[in-house]
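Dear colleague,

I am handing over the structure we spoke about, and below it you will find my notes on what turned up in it. Please read them with the model open beside you.

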Amino acid sequence: MSQEDITLTAGDAEVTLQPGNGGRVGGLRVGGVQLLRQGERFGCFPMVPWCGRTRDGRFRDGADVHQLPLNSPPHAIHGTARDGAWTVARSSADEAVLTYDLVEPWPYAGRVTQIAALTPDALTLTMSVETYDSSFPAQIGWHPWFNRTLDGGEPVRLDFTAAWQEERGDDHLPTGNRVEPKPGPWDDCFGMPGGVDVTLTWPGQLELKVASREEWVVVYDEQEAAVCVEPQTGPPNGLNTLPCLVTPLEPLEASTTWSWRRL
């Protein structure tokens, strides 16, 4: 199928998917109001096969050391799939399945599948990485850019309770120490052993919950236009510190659900 944008609708919710632009969610409208920052690098993109920064673009797999392009020098950031064109496996009025085959510069063969399922009050994104070849370490995550204000209203409020915050070094990577969560602004990774649970509230307008069974979330709110709440399967630099293994028998899977209600 072609790489044209896909529109999903359910109730007064509308989602735009952009297979040709990294398999990202290009927009989410609720009652006609756009919740995601617009622009070709924004919306919500899948982070795969790694999330956040990988130190010096290098990771180890057994005795092998692999070098990735330094797209955020001196590190490699946010995976390779957001830069590729995805294929539409199938789509209906309220659900679509996109696939992406891992290619160079990622050193292993594999396939990523992402399912977007929309209901009138929630969007669920599910992603898996599978291989029929050699096993490899990987991560899955999502990087949504939620608009800080909706239609000129009050700025969004973030509410979450984390068990810990990953101490961030001068290189923007976790040091390995876990510290008490600190007040923002953040470009930081938090641990939520019971699963990611973050509430965004646009006062008097909308409340949106970002949930995931995963235990890690990066919160980035240092930009004026948007705030990012990024559920992921491990911390930044996780290919080196906490890798998840994709094997021919066991794919890596994760999902996140955004649910909303009017205020």
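The largest pocket holds about 360 Å³ of space, and please keep in mind throughout that this is a predicted model. Its lining is made up of 24 residues, and those that lie nearest the centre of the pocket are Arg53, Ile77, His78, His143 and Asp187. Several strands give two or more residues each to this lining, namely β15 (141-147), β17 (164-168), β19 (187-191), β22 (216-220) and β23 (226-232), and the largest share, three residues, comes from β19. As for the character of the lining of the largest pocket, ten of its residues are nonpolar, six are polar and eight are charged.

The other item concerns an open sheet of eight strands, which runs in the order β10-β11-β12-β13-β25-β21-β20-β16 with antiparallel pairing. At its edges are β10 (87-91) and β16 (157-159), each of which pairs on one side only, and from one strand to the next the twist averages 15 degrees. In general, the strands of a sheet pair through backbone hydrogen bonds, in either a parallel or an antiparallel sense.

If you would like a place to begin looking at the sheet, the edge strand β10 is paired with β11 (residues 95-102) in the antiparallel sense, over four bridges. Where in β11 does Ser91 find its bridge partner? The partner of Ser91 there is Ala96.

With best wishes

Definitions and conventions. Residues are numbered from 1 along each chain as its sequence is written. This is a predicted model: local features need pLDDT of at least 70, side-chain atom pairs count only at pLDDT 80 or more; totals for chains, interfaces and linings use all residues. Side-chain values use heavy atoms; hydrogens and water are left out. On a 1 Å grid over the protein atoms alone, a cavity is a set of points where a 1.4 Å probe fits but cannot get out, and a pocket is an open set with protein on both sides within 12 Å along at least five of seven lines; lining residues have an atom within 4 Å of a point. Grid points are joined across faces, edges and corners, and a volume is the space filled by probe spheres set on the points. Ala, Val, Leu, Ile, Met, Phe, Trp, Tyr, Cys and Pro count as nonpolar, Asp, Glu, Lys and Arg as charged, and the others, Gly among them, as polar. Two strands pair if DSSP finds at least two bridges between them. Axes are lines fitted to C-alpha atoms, for helices over the stretch in contact, and angles run from 0 to 180 degrees between N-to-C directions.
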